[in-house]
Amino acid sequence: RGRRVRMAHTLAQATLGLTKATTIDTPKIVFSGKDVDLVQWKGDILAVGVTEKDMAKDQDSKFENLVLRNLDTKLGGLLAEASSEEDFTGKTGQSTVLRLPGLGSKRIGLIGLGQASSTAAYRSLGEAVAAAAKAAHASDVAVALASSEGLSDDLKLTTASAIASGTILGLYEDNRFKSESKKPLLKSLDILGLGNGPELEKKLKYVSDVCSGVIFGKELVNAPPNVLTPGVLAEEASKIASMYSDVLTSTILDAEQCKELKMGSYLGVAAASSNPPHFIHLCYKPSSGPVNAKLALVGKGLTFDSGGYNIKTGPGCSIELMKVDMGGSAAVLGAAKALGQIKPSGVEVHFIVAACENMISGTGMRPGDILTASNGKTIEVNNTDAEGRLTLADALVYACNQGVEKIVDLATLTGACIVALGPSIAGVFTPSDELAKEVMGASEISGEKFWRMPMEESYWESMKSGVADMVNTGGRQGGSITAALFLKQFVDEKVQWMHIDMAGPVWNDKKRAATGFGVSTLVEWVLKNSS
């Protein structure tokens with residue numbers, strides 16, 4: 001009998017479906033800023049970013065742009081000829097890679113930047129460089145701009161870092177759950193003509209730290225719900241804290257401890273699942289110096305959302321994609337990983353995730369149940385599929401109790417927000433103009449798309465209950481606004497608070513993969529608040 005019990009126990013430990021993520025070592029790319037003549041540079045691919053204006057030719061079909069003319073002369077006019085034949089005009093998304101003798105580089109690539117160069121265009125240039133490197137199995141690549149002489153030093157730094165981040169994220173492929181996978185071979189990327197020295201090195205190190213957080217966020221979202229359970233999400237969070245233990249500490253609360261804190265709203269959602277909830281709290285404190293700002297990042301952490309008794313059914317309900325319902329927590333933990341490496345001074349940051357699953361069972365919450373949150377407010381559950389806000393309610397109360405001045409919460413909260421803003425823009429809700437300005441400013445640097453939405457107080461009318469303080473959903477119209485008004489009930493009025501609904505941009509349908517959305521904007525925002 002002892003043996004049978006032991007066997008049952010080991011089976012319970014194995015992941016459902018016996019799936020394990022394979023560990024893949026991605027080679028670290030060495031980035032260097034160099035000022036060398038493009039003709040002389042030796043390696044596998046020399047990629048040149050060109051605008052439509054750079055592609056202008058004179059009456060002899062020669063390039064007017066000096067950089068391109070110089071390369072073309074060295075190649076006996078073949079570059080101009082080939083670009084005309086391939087109808088390459090420098091439009092965004094166009095690229096051509098040619099293998100031609102005559103340069104130090106085996107191949108030369110022209111990559112279109114469109115009409116004007118922007119940070120987004122330079123990031124796409126990096127992605128195109130990554131795609132070309134993969135296709136040619138290249139290990140040493142250089143990238144340059146046909147027109148970089150007019151750029152200020154600051155702009156050169158921004159441009160180089162956008163190219164580097166595009167390359168890192170473009171090279172990354174999540175093959176942990178495939179039986180066979182190819183490793184990218186790229187070892188070095190030289191950025192030519194955009195400066196060199198310690199300033200650039202510092203900027204490129206920052207880029208690689210942020211990208212490691214974005215990639216971590218992508219991996220959390222991509223991981224299937226049988227692998228990434230609430231317990232595993234908590235383990236991953238603890239691992240980050242131990243990796244950067246000089247600045248990060250972790251506290252993981254189990255269901256019993258959450259009960260002591262009176263988190264009835266969160267525990268109501270978790271009640272149906274056989275995978276127990278885990279409440280995650282990481283705290284970043286600089287290793288020295290005073291703390292001038294205290295912030296909290298709160299992420300929705302539903303590792304799977306069936307909808308509960310209001311089960312997701314019918315076409316377009318996307319139940320098979322509901323592993324992404326912890327996208328907010330992925331952004332928060334990705335930011336924690338990046339900040340653990342960057343180590344900003346003067347700022348304390350709390351990373352908070354109420355992780356659980358929304359499942360169906362005899363122990364689960366029913367439509368019509370009344371839950372009591374940790375601030376004493378009562379909620380009539382009129383829809384078990386409006387569960388994210390129930391978990392966030394207790395997470396926001398907990399965040400306010402940490403004595404923070406500002407809170408940003410991120411959640412894949414409503415389908416209504418995708419209807420309003422489409423798949424690539426997140427909705428921003430906040431009563432604070434100052435906080436809106438800060439986060440919007442951070443997003444301009446990161447290149448992620450946000451749009452501020454109204455907090456229309458009159459819509460609260462639809463959230464009133466006959467028997468409790470409120471219901472948890474107010475019908476179809478303005479669904480993302482009523483969701484934000486619901487969350488506001490759990491935030492201390494003295495605290496500046498923002499809610500980000502990222503249900504759309506968490507996932508890229510075309511690539512069938514997570515985006516890592518939110519990480520880079522959060523890191524920028526924390527740095528804005530550091531001394």
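Student: Which residues does UniProt list for "domain: Cytosol aminopeptidase"?

Tutor: The model we are looking at is predicted, whereas this label comes from a record, namely an unreviewed UniProt entry. Over the stretch in question the chain is 38% helix and 0% strand, and its end C-alpha atoms are 11 Å apart. The residues that UniProt lists under this name are 383-390.

Student: Which residue forms a salt bridge with E387, and how far apart are the closest N and O atoms?

Tutor: E387 lies in the loop between β12 (378-380) and α11 (388-400), while its partner is in strand β9, so the pair ties together parts that are 87 residues apart in sequence. Both E387 and this partner are buried, and the two are linked with D325 in a network of salt bridges. The partner is K300, with the closest N and O atoms 3.4 Å apart.

Student: Is N358 buried or exposed?

Tutor: N358 is found in strand β10, which covers residues 347-358, and among the residues in contact with N358, leaving aside its neighbours within four places in sequence, are V269, L302, T384 and E387. Its side chain makes a polar contact with the side chain of D305 at 2.9 Å, and it also reaches the backbone oxygen of T384 at 3.2 Å. Because buried means under 20% relative accessible area, and the value for N358 is 2%, this residue counts as buried.

Student: How many residues apart are D190 and K34?

Tutor: D190 forms a salt bridge with K34, and their closest N and O atoms are 3.1 Å apart. The pair links distant parts of the chain, since D190 is in strand β6 (residues 188-192) and K34 in strand β1 (residues 30-34), and the separation is 156 residues.

Student: Is D433 buried or exposed?

Tutor: D433 forms a salt bridge with R452, with the closest N and O atoms 3.0 Å apart. D433 lies in helix α13 (residues 433-446) and R452 in strand β15 (residues 450-452), so the pair ties together parts that are 19 residues apart in sequence. R452, at 33% relative accessibility, counts as partly exposed. For D433 the relative accessible area is 54%, and because exposed means over 50%, D433 is exposed.

Student: Which residues does G474 touch, not counting those up to four places away in sequence?

Tutor: G474 has its place in the loop between β16 (470-471) and α14 (479-488), and at 17% relative accessibility it counts as buried. The residues that G474 touches, with those up to four places away not counted, are S462, M463 and T482.

Conventions
Residues are numbered from 1 along each chain as its sequence is written. This is a predicted model: local features need pLDDT of at least 70, side-chain atom pairs count only at pLDDT 80 or more; totals for chains, interfaces and linings use all residues. Side-chain values use heavy atoms; hydrogens and water are left out. UniProt positions are given in the numbering used here, feature names are shortened, and annotations may be inferred rather than shown by experiment. Helices (H or I, at least four residues) and strands (E, at least two) are DSSP runs, numbered from the N terminus. Buried means under 20% relative accessible area, exposed over 50%, partly exposed in between (1.4 Å probe, protein chains only). Contact means heavy atoms within 4.5 Å. A polar contact is a pair of N or O atoms within 3.5 Å; within protein, one must be able to donate a hydrogen and the other to accept it, and residues adjacent in sequence count only if both atoms are side-chain atoms. A salt bridge is a side-chain nitrogen of Lys or Arg within 4 Å of a carboxyl oxygen of Asp or Glu.
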